[in-house]
Amino acid sequence: MTEPPEAAGAAAQPAAGVRNGAMGGGGAPPDGGGPGRSGRAGGSGRAGALVPRSVTGRATAAGVLVSLLLVVAIVLGSRLLEHFDSALLPYAVATVFLAFGVAYRYTVWVSAPGAQRLFKKGWGSLFSAENFRRAPTALPRMIATYLGFQKFLGARSHARWAAHQLIFWGCVLAALITFPLTWGWFTFTSGTGSGPGYEMRIWGFKIIGFDSLDFLGWLMFHGLDIAAVLVIPGASYFLWRRMKDRGAITGQRFAYDLVPLIALIVISVTGLLLTFSSIFLHGGGYEFLAILHMVSVVFTLIYIPFGKFFHIVQRPAAVGMQLFKYTGRQDDEVFACRRCEEPIDTAPYVDNLRGTMRDLRLDFDEWAEYCPRCKRVLRGSAYLSQVKKGFQ
């Protein structure tokens, strides 16, 4: 495609965007959000979107397969259910539903054109031997900074970054403890039946012995309490922000934005109350709290694939996309705006974005080659030349 003169670009290309906008389409995107938004829309995998039957069939098959594999892993990892705690059966069943939901939703997500490109480019960059040879430390650094410590959130707000870190590491700690215990992979056994000496076993093999009365023993038996103490302030901050911040209130939805935070707080508080009941109340109210805690955990596990928490599953592919852009910058493949010649992004990333927009049958993929400011200028010029003149 050849670059149109500025006057022609203002009169022709934005006009198509205005017409598309009038028909309910995306039109010429304001503020540079269109291409990015189109790329994300193709890969968002919203639950309300219509899914073709072929995709539904593949997603269902993937969900059933992953669920069966998890069931087999539970049976084998617990030594044919010898170490499986029947009291934790509801949690184990919920994790099987979680596995089905994640596999189903992920298959639907990667079937969309935008997500398909993100998936291929992202995971291709993650497992690229060439990228590893050229920048061997890039992937570990991006996993640590982008996936682990999420430094990109710090650029928005230090308070939001800190709260997100509390939730993230609290949930990671809780998952590392809860899932293996639920599946019977972790067991704590005592030779005397009442301690204080215990052995931690994984898949039936002894890993470490410890005294339940010393500091290590306290950490072993109160890991979930520590996770709850981390999650409560982080989730409470975001809940408070969504009740006070006008920007957050404007676009929030109760089921999508507030329910996850409330669920995290309920799980954490009821978990701490279980410990409080066993230590200070001699088990008073323990059964009610245990049921309430179980219901909240099971609900949250089933909710994860179909709510806001699904971004946890999507995030690793985004790390691959960051690596894809990083390698492009290393090759000095920076794409300049076709109008003002200011750098936009790496050339491979812009090409990938244009390809995504073509896959989505959006007829303004050339707008990916303009910077946000030039998009606004051209769109304004198109409005003045094509729409405003109709009122003269």
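This report describes the overall composition, the three-stranded sheet, a helix pair and several individual residues of a predicted model.

## Overall composition

The protein contains 18 helices and five strands. Of its 392 residues, 40% are buried. The accessible surface amounts to about 21,900 Å², and carbon and sulfur atoms account for 66% of that area.

Contacts in the protein can also be described by sequence separation. Taking those between residues at least 6 apart in sequence, 65% join residues at least 24 apart.

## The three-stranded sheet

Strands of a sheet pair through backbone hydrogen bonds, in either a parallel or an antiparallel arrangement. In this model, three strands form an open sheet in the order 1-2-3, with antiparallel pairing. Strand 1 and strand 3 are the edge strands, each pairing on one side only. From one strand to the next, the twist averages 25°.

Strand 1, residues 186-189, pairs with strand 2 in the antiparallel sense over four bridges. Within this pairing, F188 has M200 of strand 2 as its bridge partner, and T187 stands opposite R201 in strand 2. The antiparallel pairing of strand 2 with strand 3, residues 205-211, extends over six bridges. Here G197 stands opposite D211 in strand 3, while R201 is placed opposite K206 in strand 3. R201 of strand 2 thus faces T187 and also K206 of strand 3.

## Strand 2 and its two faces

In a regular strand, side chains alternate between the two faces of the sheet. Strand 2, residues 197-202, shows this alternation. Y198, M200 and I202 point to one face and are buried. G197, E199 and R201 point to the other face and are not buried.

Y198, which is found in strand 2, has a relative accessibility of 19% and therefore counts as buried, the cut-off being under 20%. Beyond its neighbours within four places in sequence, Y198 is in contact with F188, T189, S190, I208, G209, F210, S212 and F221. One of these residues, F188, is ten residues from Y198 in sequence, and the C-alpha atoms of the two are 6.3 Å apart in space.

## The hairpin turn at W203

Strand 2 and strand 3 form a hairpin with two residues between them. W203 is found in the loop that joins these two strands. Its phi is near 55°, a positive value in a residue other than glycine. With a relative accessible area of 43%, W203 is partly exposed.

## Helices 4 and 5 and their connecting loop

Two packed helices are described by the angle between their axes and the distance between the axes. For helix 4, residues 53-77, and helix 5, residues 89-111, the axes come within 8 Å and cross at roughly 145°. The crossing of helix 4 and helix 5 is right-handed. The residues of this helix contact divide into 14 nonpolar, seven polar and one charged.

The loop between helix 4 and helix 5 includes L81. Phi of L81 is near 70°, which is a positive value in a residue other than glycine. L81 has a relative accessibility of 44% and so counts as partly exposed.

## Two buried positions: H222 and S268

H222 lies in the loop between helix 11 (215-221) and helix 12 (223-244). At 16% relative accessibility, H222 falls under the 20% cut-off and therefore counts as buried. Apart from neighbours within four places in sequence, H222 is in contact with T275 and I279.

S268 is located in helix 14, which spans residues 254-280. The relative accessibility of S268 is 6%, so this serine counts as buried. Setting aside residues up to four places away in sequence, S268 touches A228, V231 and I232.

Definitions and conventions. Residues are numbered from 1 along each chain as its sequence is written. This is a predicted model: local features need pLDDT of at least 70, side-chain atom pairs count only at pLDDT 80 or more; totals for chains, interfaces and linings use all residues. Side-chain values use heavy atoms; hydrogens and water are left out. Buried means under 20% relative accessible area, exposed over 50%, partly exposed in between (1.4 Å probe, protein chains only). Two strands pair if DSSP finds at least two bridges between them. Contact means heavy atoms within 4.5 Å. Accessible areas come from the Shrake-Rupley method with a 1.4 Å probe; for residues, only the protein chains shown count as cover. Axes are lines fitted to C-alpha atoms, for helices over the stretch in contact, and angles run from 0 to 180 degrees between N-to-C directions. A crossing is left-handed if the near helix is turned anticlockwise from the far one by less than a right angle, and right-handed if clockwise. Ala, Val, Leu, Ile, Met, Phe, Trp, Tyr, Cys and Pro count as nonpolar, Asp, Glu, Lys and Arg as charged, and the others, Gly among them, as polar.
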